[in-house]
Amino acid sequence: MDYDFATLDFLDDSEDAVARRRGWIGATLRGFREPRPDDEVVKRWTTHYRADRANVTGAWLPEGEFGAGPMPVATYASFDKTLNAGRELLPLRMITDVTTSATHRRQGLLRRLLEDDLADAVARGVPMAALTASEAEIYGRWGFGPATFNQTVELDTSAGFALRPHVDPGRVEMVEPADAWPHVKAVFDAFHARQRGSVEWPAAYEDIHTGAFDFETGAPNTKIRAAVHLDPDGTVDGFVIYSWGEDYTVKVAEMITLAPAAQLSLWSFLAHTDRAKKVTFNLAHPDDPLRWALVDVDRLKLTANRHFLWLRVLDVPRALAARPWAADDSLVLEVDDAQGHAAGRFRITTRDGVADVRPTEDDPDVRTSAETLGTMYAAGVPVRQLHRAGRIDASPDAVRRLGAAADLDDEPYNLTGF
């Protein structure tokens, strides 16, 4: 079948464009098993995509075919923001809303949409692409590797809960979510500028964190609450956004602080909320000081650890130069890439934490795939572990040297879903 591949202009408000836009949103929601969109959902989606300058594409049945109309059989969208690579905020192609109708799978629709978009990113000089995936076995074939992981924790706050004594010259205040937004955004921006692995927020986060709109219910979110932490000067340096769940559970949607004392104070605030028996958070920071601040360390449980941010290197020299390095060395890396974007041999010369990366014809010290390079890039998985899994081909000495240079003390961390 000759599908009609097209790009939608979300700025076009003509009758045909509006119908196709609504159809595209409806197809995306159908793909994620969500209800059909009403006018408010379409309005919010349109507003967000306009703010993000999203590139919205899809595949439609050709005119005259049974089932043809404004609703596509495949959807795809992307926009450009930034990834904190460690040394700089790196331009990032963020991919989202990827669906294919159950009746049109294995027709190459996703391949066409994804590969066209990656080629566009390369043409525009965007060195990295990223997505968050619902299934782990889909995107490796296109060079994406899991780079950060969402760690879900459960804190028992029933009778007897206690933190060890800690000094906090600041304080916590409850604020209405809409009033908290300017402070929330400022804290996130400061966090994003310093946290390796962080991805910039899309426009929808304002609606989500203020409660202005909940895409799951199609209405304002009246359940969320917010609290902020103020430093001794009265400047907000942390926040938590949460809601009440069943069985006296406090469910944290987002928590970011710029200082350990603020983090512990927000955990203490949540734990001592009236009648709270349990606090859950599915994006806990790997270096959160909470466990070792507890009197009883067994009150904190890790209940899940799942892939979250997937990275795809498109420009090897540009991307590797943007991240930090831990040791001085010079190694030749060979990358196998079915799409060709990261393919080749590259000499990586590291000195004083900075890499100079250039194409070379020299024999490789290390061989790997574009998929593994995406995982290795963020240093969330040690080089030696990837080698033991058969993901890196190198001598023991080359593995040791690459690990010394590429592995980093701090884990990457990302809170942004898209």
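## Overall form and one sheet of the chain

The chain exposes about 19900 Å², and carbon and sulfur atoms supply 47% of this area. The structure is a predicted model, and every value below is computed from it.

**The chain as a whole**

Buried residues account for 50% of the 418 residues in the chain; a residue counts as buried when its relative accessible area is under 20%. How does the radius of gyration of the chain agree with that of a compact globule? For 418 residues, a compact globule would have a value near 22 Å, and the chain has 23 Å, so the two agree. Along its principal axes, the C-alpha trace spans about 65 × 60 × 35 Å.

The contacts can be sorted by how far apart their residues lie in sequence. Of the contacts between residues at least 6 apart in sequence, 71% join residues at least 24 apart.

The charged side chains comprise 47 positive and 65 negative ones. The centres of these two sets lie 3 Å apart.

**The seven-stranded sheet**

The secondary structure consists of eleven helices and 19 strands. Strands of a sheet pair through backbone hydrogen bonds, and the pairing is either parallel or antiparallel. In what order do the strands of the open sheet of seven strands lie? The order is β1-β2-β3-β4-β5-β14-β6, and the pairing is mixed. The edge strands are β1 (4–8) and β6 (145–146), each of which pairs on one side only.

Three of the pairings in this sheet are listed here, each with a pair of residues that face each other as bridge partners.

| Strands | Sense | Bridges | Residue pair |
|---|---|---|---|
| β1 and β2 | antiparallel | five bridges | Leu 8 and Val 56 |
| β2 and β3 | antiparallel | five bridges | Asn 55 and Ser 78 |
| β6 and β14 | antiparallel | two bridges | Pro 146 and Trp 310 |

Strand β2 covers residues 55–60. On one side β2 pairs with the edge strand β1, and β2 also pairs with β3, which covers residues 74–84. Is β2 mostly covered or mostly open? Strand β2 is mostly covered, with five of its six residues buried.

At the other edge of the sheet is β6. Its partner β14 is made of residues 309–313, and in β14 the residue Trp 310 is the bridge partner of Pro 146.

Methods
Residues numbered from 1 in each chain as written. Predicted model: local features only at pLDDT ≥ 70, side-chain atom pairs only at ≥ 80, totals over all residues. Heavy atoms only, no water. Helix = DSSP H or I, 4+ residues; strand = E, 2+ residues; numbered from the N terminus. Rg over C-alpha atoms; globule rule 2.2 N^0.38 Å. Buried < 20%, exposed > 50% of the residue type's maximum accessible area, 1.4 Å probe, protein only. Contact = heavy atoms within 4.5 Å. Areas by Shrake-Rupley, 256 points an atom, 1.4 Å probe, with all protein chains shown as cover. Lys, Arg positive; Asp, Glu negative; His and termini not counted. Charge placed at Lys NZ, Arg CZ, Asp CG, Glu CD. Pairing = 2+ DSSP bridges.
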